[in-house]
Amino acid sequence: MTDARFLPWARQGLATALTTTDPVGDAPLPLRVPLKVTTAVGGSASGTASVQLHLHGPADVVGIDPRQVRRTDPAPGTAVEPGYLPLIEFQRPDFPWLFTPASANSEDRLRPWLCLAVLEASEVTVQRPDDRPAIARLEHAGRTLPNLAQSWAWAVVQVPGSGAPADALRSARPGQALSRLFCPRLLRPRTAYVALVVPTFEQGRLAGLGRLTGEVASTAQTAPAWRTDTGPLELPVFHSWEFSTGEEGDFEALVTKLRRVALDPGRVGRRPLSVRSLPAGLPDLGEVPLAGALEAVSPDQLTGSAASDDLGTPLAPSFTEALRALLNTLLPAPAGTPAPAGLVLPPPLYGHWQAGQPTVPPVGGAAWLRRLNLDPCHRVAAGLGARIVELQQAELMASAWAQAGEVIRANQLLRSAQLARAADRLLHRGLAALDAEALLQITSPVAPRVRHGTRTVAGTVQGGGSRVPPAMTGAAFRCALRPRGPLGRRTGVGAADLLRAVNDGTLTVSGPAVTPPGTVTFDSAVDGPGLCTRTPDALLDAEPPPKDSPRYRAWLDFRSVAVRQQSTMPACHPPPPRPPTRLPTGDIAVSVLNALDPELTVPKRVAGRVSAPSDWHSADLLDPLLVAPSFPTPMYRALADLSQDLLLPGVGDIPANCVAGLATNPRFVEAFLVGLNHHVGRLLLARHFPTDQRGTCFRQFWDPAGRVPAPATAAERHDIPALHEWTAASDLGEHLRGGRHFVLLLRGDLLRRYPDAVIYLAQGEWYEPGTGLPSRRRPKSAPPGLSLGAPEHPEKYPLFRGNLAPDVTFIAFPVTPEAAIGDPDPAGSRPGFFVVIQQQLTELRFGIDTAEPTALTGSWRDLWWGNVPLTPSGHIDLDQPLQGFGDRTDNPLGLRWGATSAHQAAITTQAPFRAAIHASDLLEPPP
């Protein structure tokens, strides 16, 4: 609500006609203000009529509708920083004055009928009966409660827009205008508090407690519910909540407290690695700098003269050649070949399965594989990944098996299919050894399902016009001529022999019974040229229905029409017989054998039940599936748990309450992830998990939970592509998403106290501050309507963030360190980026700074609690002037301390704080 305005009070309805003025202070007010209402009367008895009314007052209220409460600050159960004023907001803009029996005085001051009291938990006892509102009991009410003589200053109306207040109230949409109660108490740090909404008039207090007996006289007066000298007191509680305070210092104070430092690359981001006394005759390298996943940036790296993690001195060729020879040692060693001195087994060759390289070649092959395995620093990073797999192997295997449920069931089916295929091969081999005729008879049950040409085998045998009757391929014929059956023993002729003889024409099969000459049957007329029907005489001799049947007349008509039609049709003649042909048993046998080949039938059957992953390829469709489980956990946490000094070497040397710039180290991250995947592949294989060691189980090092915009797919969350997709020409450090990033490091209480602070990068722009002054840089604002993800957007939001104990937070952005620092010369057109740290934009908050300002602005922003006089209870005392705080020269609204509640709200409004730091102040610029 940037256009919010404050009004000192609001009245609606008949309350606007009240003429009794509030004298404020401790002066009493009438409980029932009489109000004379006069109205015009029309009709035959025209004139006016008057009636005496009494508006409801504090004595008529025993509770409030909880739906009227819009917001409380602090929220219930939260911790707030000292310096802010607790408040409660109501839906109705006139709610705090709804039952106040008076109108505002000439100074626009009007006491509310209720107030907000904030008490330490030790100062009050709150009882909550089941049948009545809660009751607060205080031993020293006057010394702990706010001064009711100044209650008018801590109830305010908020309306939007401009113009007359009444017009603003009338035109405001629901929810735009509201009322607010403050408690003007300076909160103590690390203290538990109870906030209470209680009545401010005595008769209202008694009514809320249920102790107001009898009718209220029209002339009765009501005094404040307590004074500064009041002792023990009971108050009805209309609304309450609890909260606590944290340590001193608000957002602005904590940001101002941060020191901008450029970290020393020699102390932060690298640690010495001793490469001495190595086994297997490897030469000594002495101490080399080992870079972590995060590192400080040196000026040489910003100019491009040094890679992000190059060693201070190049590796000696003798060392790399000796290490390569050791890594390429055969396993197991040939007989008679001694093992390397000091080693039982050669060191691991990280990533060789994914690279498809059994050894480290001197040249060619995968460049990233050579750098990873021949550089001791990168081997240390890969070894750290292997160490984490060893420490977490139980959890990793449990997760892997949980993901492999469907794969295990599919592999069981595939293994069963392999067994079925092996058994079918024996059967198929036996079928292939049979004669074509025997094969045709044995496989007759599947003949309707096997294709031969354009027809099935069964259709070819039955309708092909061959010499072989279909019955000779049936099971009954084969059974009748079985070798050990009666016919087989007497004749010595088998079913296949008879079929072959018939098919060759050496034997003739007797035909069916001969139809007498001249007889035309339906079967012989099906394929004939005309329609065969009965003769006219046969039709006339057909037995008619009974004459009394309804069908008799229809039968007569049909018979006359049929006879007439029959007399005009030509006579039917049987079709000429077709000459029998030879059945192609050899070709049919080939078709049957091909169709029954288990190399085709079994995989086709299984393919309908098993769907392999899209990235799984195998020459044999029945090979068990080999998959890689996915572990999407950001692995920087595991590395930090192992040692924070491995993630960010020298983290303990970072000064407290500082803000600095770092950079990611892609080579370390990639080497670490390769080590993770290499060792987890060996673990899975050892535990008989269905994998081939080429899968990429870990693809995430950083945590993308805070990425803006959030990743929409799993692929967008991954830091690296699959290892087997890394090209041979690519080098280590070239696969990480986005490459090398600028990282903001914050150490201190800011993000611990304000975890929802908004931090982003804003592109800089050059501007002229004034005539004769050098050009300066400032954050560039985004044009309206520009999409947040657009490449030309001047604001860059986090890619990932993480935390290190106890108070270190790092946030990476999609900008390289070189682009972040920019060029200090305006002619270079590279203004760089600003780090913007901004308080979360939420509802308005009110309070006073707890720290004395370091530089005065001449406005009310210079006010701090040291200027404000307080009562013994810690509440703001408006009867005393501000201490050490003169007139404000920068005061366009004419605000005055203690004038009205609207002035108090405007003065104590805490605008969200925003700080911008150029990246060149956080990184040491190049010379």
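This report describes the largest pocket, the pairing of strand β25 and the surroundings of H918 in a predicted model.

**The largest pocket**

The volume of the largest pocket is about 1400 Å³. Its lining comprises 48 residues, and those nearest the centre of the pocket are R845, T909, Q910, A911 and P912. Sorted by class, the lining holds 24 nonpolar residues, together with twelve polar and twelve charged ones.

Several elements of secondary structure each contribute at least two residues to this lining: the strands β5 (69-73), β6 (79-80) and β32 (909-910), and the helices α4 (251-257) and α28 (901-908). Of the contributing elements, β5 gives the most, namely three residues.

**Strand β25 and its partners**

Strand β25 covers residues 758-767 and runs antiparallel to strand β30, to which six bridges join it. The pairing of β25 with β26 is also antiparallel and rests on four bridges, while two bridges, again in the antiparallel sense, link β25 to β27. The table sets out these three partners of β25.

| Partner of β25 | Residues of partner | Bridges | Sense |
|---|---|---|---|
| β30 | residues 833-838 | six bridges | antiparallel |
| β26 | residues 776-779 | four bridges | antiparallel |
| β27 | residues 795-796 | two bridges | antiparallel |

Individual residue pairs give the register of each pairing. V758 faces Q838 of β30, and E765 stands opposite R778 of β26. In the pairing with β27, L761 has K796 as its bridge partner.

**The surroundings of H918**

H918 belongs to strand β33, which spans residues 914-918. Is this residue buried or exposed? H918 counts as buried because its relative accessibility is 5%, and the cut-off for burial is under 20%.

Two polar approaches involve the side chain of H918. One is a polar contact with the side chain of R777, at 3.4 Å. The other joins a polar atom of the H918 side chain to the backbone oxygen of P831, at 2.7 Å.

Which residues does H918 touch, leaving aside those up to four places away in sequence? The residues in contact are R777, A820, I821, P831, G832, F833 and F834. Among them, R777 falls within the residue range of β26 (776-779), and F833 and F834 fall within that of β30 (833-838). H918 thus touches residues of two strands that pair with β25, namely β26 and β30.

Definitions and conventions
Residues are numbered from 1 along each chain as its sequence is written. This is a predicted model: local features need pLDDT of at least 70, side-chain atom pairs count only at pLDDT 80 or more; totals for chains, interfaces and linings use all residues. Side-chain values use heavy atoms; hydrogens and water are left out. On a 1 Å grid over the protein atoms alone, a cavity is a set of points where a 1.4 Å probe fits but cannot get out, and a pocket is an open set with protein on both sides within 12 Å along at least five of seven lines; lining residues have an atom within 4 Å of a point. Grid points are joined across faces, edges and corners, and a volume is the space filled by probe spheres set on the points. Ala, Val, Leu, Ile, Met, Phe, Trp, Tyr, Cys and Pro count as nonpolar, Asp, Glu, Lys and Arg as charged, and the others, Gly among them, as polar. Two strands pair if DSSP finds at least two bridges between them. Buried means under 20% relative accessible area, exposed over 50%, partly exposed in between (1.4 Å probe, protein chains only). A polar contact is a pair of N or O atoms within 3.5 Å; within protein, one must be able to donate a hydrogen and the other to accept it, and residues adjacent in sequence count only if both atoms are side-chain atoms. Contact means heavy atoms within 4.5 Å.
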